[in-house]
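Q: I've got a model open and want to learn how to read its strands and helices. Can you walk me through it?

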Amino acid sequence: MKAVRCKDWGPPESLEVADLPDLAPGPGEVVVDVKAAGVNFPDVLTVQGKYQYRPELPFTPGNEFAGVVRSVGPGVTAYAPGQAVIGFTRTGAFAEQALAPLDSLLPVPDGMDFDTAAAITLTYGTSYHAVADRGALQPGETMLVLGAAGGVGLAAIEIGKALGARVIAAASSDEKLAVCKDHGADTLINYEREDLREAIKAATGGRGPDVVYDPVGGRYSEPALRSIAWRGRHLVVGFAAGEIPRLPWNLMLLKGASVVGVFWGDFTRKEPAAHAAAMRRLMDWMAEGKLRPLVSRRYALEQTAQALNDMAGRKVVGKVVITP
């Protein structure tokens, strides 16, 4: 089989496509013929050695995929060869075959294509854990989403609307904001053209958002936190801007606010029952049409470096996938 390989920490250009032996499942494991693999910002950090989790070198990057079961290991009865599945693993998705433990798989819902199935677990799982669990967003509250046109941003918009909240989308261009509006955003802020604090003030009548969904960091975090409502929750999802902000702690005191960390990967491992319940609710919302994953671009396996660079440069809207 062909697989992308990371042999040393470095830029995406250092990745190689190699021929490797076919995978064989062990007890409780499943081998999947990958039809599509989702590309996410943590993949960029992982190959650079900058993510919270550093795999042992060499490894195949990529952690979410959809495909068809190729073979199952001893003790596996829930899945059989030929069955369409969704998978989430720490590594191994950017390849023609992926190895996954049984508890990291879900059946592909009827009528769902592989591209869409590969765009669900990390983006929607992260955003649901952030918005519904860590942020406890309530019906009638207001949520501000920074970097709203990215994969997790669009997922946060849709989840916020499904929970009955008002959603303000902030992004860097009118084209990106048009996509946010199509996915349910009530109010739009172009933070490259508008003063973010003034725009938030105008959008909320001076009250501020109850929840700030922040996967961006950098220069946008502090004005968002300064604008937050009393008892607001600022969700630290990631740092796509590349800079981890240094926030003044007195802001949390003055606002009675909370800054809340969101680490979905460890949540799935430390609270598997809660994760499973969240995925069931997301799948129900998918079936009801409340969630509409956007896959805006497809790349071949040999184009993995370009896909990661486009993700890092915020040149994509929604999700992109690699198709081995």
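A: Sure. Two strands count as paired if DSSP finds at least two bridges between them. Keep in mind that this is a predicted model.

Q: So how many bridges link strand β8 and strand β9, and in which sense do they pair?
A: Strands of a sheet pair through backbone hydrogen bonds, either parallel or antiparallel. Here β8 (residues 142-146) and β9 (residues 166-171) pair in the parallel sense over 5 bridges. One spot to look at is leucine 146, whose bridge partner in β9 is alanine 170.

Q: What is the strand order in the open sheet?
A: Its 6 strands run β10-β9-β8-β11-β12-β13, with parallel pairing. β10 (187-190) and β13 (258-261) are at the edges with a single partner strand each, so one side of each has no neighbour in the sheet. On average, neighbouring strands of this sheet are turned by 20° against each other, ignoring direction.

Q: Which strands does helix α3 touch?
A: Helix α3 (residues 121-134) packs on the sheet and touches β8, β11 (211-214), β12 (233-236) and β13. The direction of α3 makes about 160° with that of β11.

Q: And how do I read helix α1 against helix α11?
A: Two packed helices are described by the angle between their axes and the distance between the axes. For α1 (residues 41-48) and α11 (residues 304-312), the angle is about 115° and the axes are 9 Å apart. That makes α1 roughly perpendicular to α11. At the contact, Phe41, Asp43 and Val44 in α1 meet Leu308, Met311 and Ala312 in α11. By class, that's 5 nonpolar, no polar and 1 charged residues.

Terms used
Residues numbered from 1 in each chain as written. Predicted model: local features only at pLDDT ≥ 70, side-chain atom pairs only at ≥ 80, totals over all residues. Heavy atoms only, no water. Axes fitted to C-alpha atoms, helices over the stretch in contact; angles between N-to-C directions. Helix = DSSP H or I, 4+ residues; strand = E, 2+ residues; numbered from the N terminus. Parallel < 35°, antiparallel > 145°, perpendicular 65-115°, else oblique. Contact = heavy atoms within 4.5 Å. Nonpolar A, V, L, I, M, F, W, Y, C, P; charged D, E, K, R; others polar.
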